[in-house]
Structures are given as C-alpha cells and as structure tokens.
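Me: I'm new to this structure and would like a close look at a single part of it. Could you walk me through that part and then show me how the rest of the chain fits around it?

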Amino acid sequence: MKSIPSFGLGKGKHLIIGLLLAGFGTAALADVNVTVEDAWVRASVPGQAATGAFMRLTASEDSKLTAASSPVAGTVEIHEMHMKGDVMSMARVASIDLPAGKSVSLDTHGYHIMLINPKAPIEAGATVSLTLTVVDGGGKQASVKVDAKVRPLASGEEDMPH
Ligand SMILES: [Cu+2]
C-alpha cells in the first residue's frame, strides 16, 4: 500500500484566503488630493460684517467642497455671486463641484468662501488659516488646510471682466 502525503494541503488553503484578504484591503485606499493655489482673503475694516476668501482648487478625484471653517470668523459659508439685472447679489450654496483634474476658481465674481462676523478686523499682510472639507464620490471626507494671505480691501476688482 502506498501512503499519500497530506502535508501541505492546509498550507495551500491558507495561502488562498490570504490573497483574497489582501485584494479587499487595497480596494478602498484611493484618497482625494486637493491642490490649492493663490489663496487670499480680502481685508476687512472694524465693524465690517463679512469678507471673502478666494483661491483655485484642483481635486485629483471627482469630489465636492462642502464646508469651510476658520478661527478668524464666527461663521464660514460657501457662497455664489449672481447678477440680477444690474444688481450683484450672493447666496449660500451647499457645495461646489470639484471635477477630477479641473481647476475651479473661487473669485470675486463667482463662488467664494464668506467669512462672517470676523472676530477682529482682518488686516492686509496677515495670514488667515482655513480648513476646507472635501467629500469624494464615495462619501469619504478629507480636510484641507489652507494659509491665505490677506490683501488690501480693494483687491479683486482689477480682475472683473469688462
Ligand atoms: Cu458671499
């Protein structure tokens, strides 16, 4: 009678299970990466109710800017500017779409971040820190830290389209 060696069978099974687990582990690792360029905040004068923060955002994956916060303001909202006839008005929006690889501008005539109830006048030359909340297509949240330079009160009018 021949004896059939059975050692090694158990090992083989374990190897297969190990590979399946490794496959699951790598599936959910993609993280959205956001590039921030030219971030700036418009200076405010004492008693001013609000001012704006502006920048260019480019996300590596389709995602949305859903919130922002800053230690310098009581409330921070995402706004969009509209022209109604000759009158410029603005309204809060829930989010701004950031399509993968596309540069999205937050500027003085479109989307912007509104710093409401500044705790102190925001002075030209200072740096304001902002934290942006970005959510990717799978609902995963990322925080993006931004240091924005404060520019004088009249900044931004020079890039209005004529
Ligand atoms: Cu606004």
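How are the donor residues of the copper ion spaced in sequence?

Reply: Happy to take you through it, and keep in mind that this is a predicted model. In sequence, the donor residues follow the spacing H-x10-M-x21-H-x1-M. Put names on those letters and you get His79, Met90, His112 and Met114. The atoms that do the holding are ND1 of His79, SD of Met90, NE2 of His112 and SD of Met114, and they lie 2.0 to 2.2 Å from the copper ion. Seen from the copper ion, the four donor atoms subtend angles of 97 to 120°, and that makes the arrangement tetrahedral. For orientation, the ideal angle for four tetrahedral donors is 109.5 degrees.

Now look at where two of these donors come from. His79 is in strand 4 (residues 73–84) and Met114 is in strand 8 (residues 111–118), so this pair ties together parts that are 35 residues apart in sequence. Both of them are tucked away: His79 is buried at a relative accessible area of 7%, and Met114, at 10%, counts as buried too.

Stay with His79 for a moment, since its side chain has a partner. The side chains of Glu77 and His79 are joined by a polar contact of 2.8 Å. Glu77 also lies in strand 4, and with a relative accessible area of 17% it is buried. The side chain of Glu77 also meets that of Arg92 in a salt bridge, 3.6 Å from N to O. That pair links distant parts of the chain, with Glu77 in strand 4 and Arg92 in strand 5 (residues 87–92), 15 residues apart. The two ends of this bridge sit in contrasting surroundings: Glu77 counts as buried, while Arg92, at 59% relative accessibility, counts as exposed. If you trace it in the model, you can go from the copper ion to His79, from His79 to Glu77, and from Glu77 out to Arg92.

Let's step back to the whole chain. The protein chain has one helix and 10 strands, and from the N terminus on the elements run α-β-β-β-β-β-β-β-β-β-β. Of its 162 residues, 34% count as buried.

What about the other charged pairs? Side chains of opposite charge can pair when their charged atoms come close. A search of the whole structure finds four salt bridges. One of them joins Asp38 and Arg56, whose closest N and O atoms are 3.0 Å apart. Asp38 is in strand 1 (residues 34–42) and Arg56 is in strand 2 (residues 50–59), so to speak two distant parts of the chain, 18 residues apart. Asp38 counts as partly exposed at 48% relative accessibility, and Arg56 is partly exposed as well, at 26%. Glu37 joins in here, as Glu37, Asp38 and Arg56 are linked in a network of salt bridges.

Another salt bridge connects Lys64 with Asp97, with 2.8 Å between the closest N and O atoms. Again distant parts of the chain are linked, Lys64 being in strand 3 and Asp97 in strand 6 (residues 96–98), 33 residues apart. Lys64 counts as partly exposed at 38% relative accessibility, and so does Asp97 at 47%.

Strand 3 is a handy stepping stone to the last stop, strand 9. Strand 3 (residues 63–69) and strand 9 run antiparallel and are joined by six bridges. To find the pairing in the model, look for Ala67, which stands opposite Thr133 in strand 9. On strand 9 you can also find the pairing with strand 10 (residues 141–151), which is antiparallel and runs over nine bridges. There, Thr127 stands opposite Lys149 in strand 10. Strand 9 is mostly covered, as eight of its 10 residues are buried.

At the end of strand 9 (residues 127–136) you'll find Asp136. Asp136 is buried yet has no salt bridge, and the nearest side chain of opposite charge, Lys140, is 5.8 Å away. What Asp136 does have is a backbone neighbour: a polar atom of its side chain lies 2.9 Å from the backbone nitrogen of Gly138. Right there is the hairpin of strand 9 and strand 10, with four residues between the strands, where Gly139 takes a positive phi near 85°.

Terms used. Residues are numbered from 1 along each chain as its sequence is written. This is a predicted model: local features need pLDDT of at least 70, side-chain atom pairs count only at pLDDT 80 or more; totals for chains, interfaces and linings use all residues. Side-chain values use heavy atoms; hydrogens and water are left out. Donors are N, O and S atoms within 2.8 Å of the metal (3.2 Å for Na, K and Ca); water is not among the atoms, so sites may look incomplete. Four donors count as tetrahedral if all angles lie between 85 and 135 degrees; four count as square planar and six as octahedral if opposite donors are over 155 degrees apart and all others between 65 and 115; anything else is irregular. Buried means under 20% relative accessible area, exposed over 50%, partly exposed in between (1.4 Å probe, protein chains only). Lys and Arg count as positive and Asp and Glu as negative; His and the chain ends are not counted. A polar contact is a pair of N or O atoms within 3.5 Å; within protein, one must be able to donate a hydrogen and the other to accept it, and residues adjacent in sequence count only if both atoms are side-chain atoms. Two strands pair if DSSP finds at least two bridges between them.
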